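The following note collects comments on a helix, its packing and its charged contacts. Please read the points alongside the coordinates.

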Amino acid sequence: LAQPAAAAKPKTRRVLRENANGEIDIVEEPEEAVEAAHVTQNTYHRKAAPRRRWTKEETHRLTKALQQFGPDFTMLEAFFPGRTRAEVRLKFRREEAARPARMQRVLKAKRPIDVALYQEWKERSDAARRAPATTAASRWTRRGCWPRSAVTRKPRPRGGRPRA
């Protein structure tokens, strides 16, 4: 007797969503299917956003999130507003290459999912985003160099050649 073919299970991914009560829930949602209409080589090309350095606090947050979710970068992206999935994955790869023993310990030390920790990080990053930038990086100009007033340099002698 022929067995009926099993229906293909749709692919899903875990995401964090805010419910009606304002609490954060982990929800399984289906992955969107890519439409086959008019796909070219530029369909998936996005202009790269300027990258910024990872702070020690963000690196610490990455290790805590890895202990809860493992290397599920789509899920980890929610913990880093302003960072893309690719940036989170690249940081993980860099940390894994620089400190392999530490990353193995982090991945083996599974912790239960702590939604309150996510809410705390989100509030902290929202507050930091609303605050005016007063760091040294805010003095960085659009051209990618320090403004002339911030650079200390020797004054040039005026009047050309020194007289004997």
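1. R52 counts as partly exposed, since its relative accessibility is 43% and the partly exposed class lies between 20% and 50%. The model under discussion is a predicted one. R52 forms a salt bridge with E58, with 3.7 Å between the closest N and O atoms. E58, in contrast to the partly exposed R52, is buried, with a relative accessible area of 9%.

2. E58 also takes part in a salt bridge with R83, where the N to O distance is 3.0 Å. This pair links distant parts of the chain: E58 belongs to helix α1, whereas R83 sits in the loop between α2 (73-76) and α3, and the two are 25 residues apart. R83 is buried, its relative accessible area being 4%. Taken as a group, R52, E58, R83 and E87 are linked in a network of salt bridges. The structure as a whole holds 10 salt bridges.

3. Helix α1 (residues 56-69) has the length expected of it: at 1.5 Å a residue, its 14 residues should span 20 Å, and the C-alpha atoms at its ends are 20 Å apart, which agrees. Just after α1, G70 adopts a positive phi of about 75°.

4. How many of the 14 residues of α1 are buried? The count is 10, so the helix is largely enclosed by the rest of the structure. Among the buried residues of α1 are T59, L62 and L66, and also R61, Q67 and Q68.

5. Two packed helices are described by the angle between their axes and the distance between the axes. For α1 and helix α3 (residues 85-98), the axes come within 11 Å and cross at roughly 90°. The two helices are therefore roughly perpendicular to each other, as angles of 65 to 115 degrees fall in that class. On the α1 side the contact is made by T59, L62 and L66, and on the α3 side by V88, K91, F92 and E95. These contact residues divide into 4 nonpolar, 1 polar and 2 charged.

6. K91 and E95, which both belong to the contact with α1, also form a salt bridge with each other, the closest N and O atoms being 2.9 Å apart. Both residues are buried. Because K91 and E95 are 4 residues apart in helix α3, about one helical turn separates them. An α-helix has 3.6 residues a turn, so residues three or four places apart point the same way.

Conventions
Residues numbered from 1 in each chain as written. Predicted model: local features only at pLDDT ≥ 70, side-chain atom pairs only at ≥ 80, totals over all residues. Heavy atoms only, no water. Expected span 1.5 Å × (residues − 1). Buried < 20%, exposed > 50% of the residue type's maximum accessible area, 1.4 Å probe, protein only. Axes fitted to C-alpha atoms, helices over the stretch in contact; angles between N-to-C directions. Parallel < 35°, antiparallel > 145°, perpendicular 65-115°, else oblique. Contact = heavy atoms within 4.5 Å. Nonpolar A, V, L, I, M, F, W, Y, C, P; charged D, E, K, R; others polar. Salt bridge = Lys/Arg side-chain N within 4 Å of Asp/Glu carboxyl O.
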